[in-house]
Amino acid sequence: MAEALTLHEDPRSGNCFKIKLTAALLGLPLATRAYDIMRGETRTPEFLATVNANGRIPVLQIGEGAGARFLPESNAACWYLAHGSALIPADRFGEADCLRWMFFEQYNHEPNVATLRFWLRFVGEANLSEQQRAQIGAKRMAGCAALELMDKHLADNAFFCGDGVTLADIALFPYTHVAEEGGFGLGDYPHIQAWIARIAALPGFVPMD
Ligand SMILES: N[C@@H](CCC(=O)N[C@@H](CS)C(=O)NCC(=O)O)C(=O)O
């Protein structure tokens, strides 16, 4: 990949880690530019106008200067980096199955497992709004259901699709391996624990900051 790649990130974000892990496993150089989301640094008029009108990181910047293109959404950015590599299954069903887990991650996993981690570890329970506090129970149940489903799948499969690591694993790894920071006990999910160890042992693996 000849273009310069820059990740606009907050290093505490698992969504950002997905992209750094994809780049590392593929051996792609990736520069980073850090923002503090707790201080609203992705909500400034400049960020909204030039990086992401949706006010969020991660954003993968492809190229530099006037011709730079900006790609928000973690899984889209991973897809861009992994295009044509073994991280995306080559067969039609495998590719769609990989997307299936990535959509699952965004709909069933991240809004529950990652949000509780953010609320409990970074915002702090005492600082949550009434509305947020009222959602903790439902998010806990939904997060456990997602982890349960993953654990069942991993009881019979080493990775989420096919025989090797794909973007399905990379999308699900970041918030799963720190799920305990959101109060999800991984002791109940032995197959997830074994999968975490398999991912961490991959050549080129880098840990989350
Ligand atoms: N679906 C998006 C979620 C992006 C997202 O929620 N980013 C959070 C950090 S992980 C953020 O930028 N929050 C700051 C804010 O909303 O102001 C993705 O997968 O990239």
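In the predicted model, the shell around the ligand consists of four nonpolar, six polar and three charged residues. Of these 13 residues, Arg43, Ile57, Glu73, Ser74 and Gln106 come nearest to the ligand. The ligand itself is located in the largest pocket.

Polar contacts to the ligand involve both side-chain and backbone atoms of the protein, among them those of arginine 43, isoleucine 57 and glutamine 106. For arginine 43, a polar side-chain atom is placed 2.7 Å from an oxygen atom of the ligand. Isoleucine 57 contributes a polar backbone atom, at 2.7 Å from a nitrogen atom of the ligand. In the case of glutamine 106, an N or O atom of the side chain lies 2.8 Å from a ligand nitrogen atom. On its own, the ligand has 510 Å² of accessible area, of which the protein covers 79%.

Salt bridges within the protein were also counted, giving a total of 12. One of them joins the side chains of arginine 12 and aspartate 10, with an N to O distance of 2.8 Å. The two partners fall into separate accessibility classes. Aspartate 10 has a relative accessibility of 1% and is therefore classed as buried, the limit for that class being under 20%. Arginine 12 counts as partly exposed because its relative accessibility is 31%, a value in between the 20% and 50% cut-offs. The salt bridge thus links a buried aspartate 10 to a partly exposed arginine 12. Another salt bridge is formed between arginine 100 and aspartate 97, where the closest N and O atoms are 3.0 Å apart.

Note on methods. Residues are numbered from 1 along each chain as its sequence is written. This is a predicted model: local features need pLDDT of at least 70, side-chain atom pairs count only at pLDDT 80 or more; totals for chains, interfaces and linings use all residues. Side-chain values use heavy atoms; hydrogens and water are left out. A residue is near a molecule or strand if one of its heavy atoms lies within 4 Å of it. A polar contact is a pair of N or O atoms within 3.5 Å; within protein, one must be able to donate a hydrogen and the other to accept it, and residues adjacent in sequence count only if both atoms are side-chain atoms. Accessible areas come from the Shrake-Rupley method with a 1.4 Å probe; for residues, only the protein chains shown count as cover. On a 1 Å grid over the protein atoms alone, a cavity is a set of points where a 1.4 Å probe fits but cannot get out, and a pocket is an open set with protein on both sides within 12 Å along at least five of seven lines; lining residues have an atom within 4 Å of a point. A molecule sits in a cavity or pocket if more than half of its atoms lie within 2 Å of its grid points. Ala, Val, Leu, Ile, Met, Phe, Trp, Tyr, Cys and Pro count as nonpolar, Asp, Glu, Lys and Arg as charged, and the others, Gly among them, as polar. A salt bridge is a side-chain nitrogen of Lys or Arg within 4 Å of a carboxyl oxygen of Asp or Glu. Buried means under 20% relative accessible area, exposed over 50%, partly exposed in between (1.4 Å probe, protein chains only).
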